[in-house]
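The exercises below are meant to be worked through with the sequence and the structure side by side. Each one sets a task and is followed by a solution in steps.

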Amino acid sequence: MDWDATSEFTPVGLALRGQPIHTIVRTLGDAAYMLLTDWPSDDGEEYVTAVKACVDAISGQIAPEEFRVSFLRAADEAGITALTLVQQPPPVRRPVASARP
């Protein structure tokens, strides 16, 4: 079985209570680490579902974005503020027209 913890999904910014620094989760590996080491509670139904979905995504049984939905539900259950991070493309710079006739 091929395991891929590097698969990316739409980034999620998390603000954990009592922690001054926000965490950005971009990959399945980031999410697995967060769920197993930094999660405030490991007994919620949504938490257990998210851990299983993370394993399923890492093993290729579900898409990373499908896991992300479970991850967001677990964050809500745990009272963690979660924000979707959207990266804007850089602005297009157009050349300035010359004022000469």
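**Exercise 1. Overall organisation**

Task: Determine how many helices and strands the protein has, and in what pattern they follow one another along the sequence.

Solution. The model is a predicted one, and its secondary structure amounts to three helices and three strands. Reading along the sequence, one meets these elements in the pattern β-β-α-α-α-β. Of the 101 residues, 31% count as buried, and the protein exposes about 7200 Å², of which carbon and sulfur atoms supply 54%. Among the contacts with a separation of 6 or more, 58% are accounted for by residues 24 or more positions apart.

**Exercise 2. Helix H2 and its salt bridge**

Task: Describe the span of H2, state which elements its buried residues pack against, and classify Asp56 as buried or exposed.

Solution. First, the span: H2 has 14 residues and reaches 20 Å from its first C-alpha to its last, which is close to the 20 Å expected at 1.5 Å a residue. Next, the packing: the buried residues of H2 are Tyr47, Ala50, Ala53, Cys54, Asp56, Ala57 and Ile58, and they pack against H1 and helix H3 (64–77). Following H2 comes Gly60, with a positive phi near 85°.

The charged pair comes last. The salt-bridge count comes to one, and this bridge joins the side chains of Asp56 and Lys52 at 2.9 Å, N to O. Both residues lie in H2, four residues apart, or about one turn of the helix. Asp56 counts as buried because its relative accessibility is 14%, under the 20% cut-off, whereas Lys52 counts as exposed because its value is 52%, over the 50% cut-off.

**Exercise 3. The largest nonpolar core**

Task: Identify which element gives the most residues to the largest nonpolar core, and list what Leu14 touches.

Solution. The largest nonpolar core has 23 residues, and those with the most contacts inside it are Phe9, Leu14, Leu35, Trp39, Phe67, Phe71 and Ile80. Two or more residues each come from strand E1 (8–15), H1, H2 and H3, with H2 giving the most, namely six residues. In soluble globular proteins, nonpolar side chains tend to be buried together. Once residues up to four places away in sequence are set aside, Leu14 touches His22, Thr23, Val25, Met34, Trp39, Phe71, Ala75, Ile80, Thr81 and Ala82.

**Exercise 4. Two residues outside the helices and strands**

Task: Locate Ser7 and Asp43, and decide for each whether the residue is buried or exposed.

Solution. Begin with Ser7, which is found in the segment before E1. Its relative accessibility is 18%, so Ser7 counts as buried. Apart from neighbours within four places in sequence, Ser7 is in contact with Arg26, Thr27, Leu28 and Pro64.

Turn then to Asp43, which is found in the loop between helix H1 (28–38) and helix H2 (45–58). Here the relative accessibility is 63%, and Asp43 therefore counts as exposed. The side chain of Asp43 makes a polar contact with the side chain of Ser41 at 2.6 Å. Finally, Asp43 and Ala78 are separated by 35 residues in sequence and by 9.7 Å in space, C-alpha to C-alpha.

How values were computed: Residues numbered from 1 in each chain as written. Predicted model: local features only at pLDDT ≥ 70, side-chain atom pairs only at ≥ 80, totals over all residues. Heavy atoms only, no water. Buried < 20%, exposed > 50% of the residue type's maximum accessible area, 1.4 Å probe, protein only. Contact = heavy atoms within 4.5 Å. Areas by Shrake-Rupley, 256 points an atom, 1.4 Å probe, with all protein chains shown as cover. Polar contact = N/O pair within 3.5 Å; in protein donor to acceptor, adjacent residues only side chain to side chain. Expected span 1.5 Å × (residues − 1). Core = buried A, V, L, I, M, F, W, Y, C linked by side-chain atoms within 4.5 Å. Salt bridge = Lys/Arg side-chain N within 4 Å of Asp/Glu carboxyl O.
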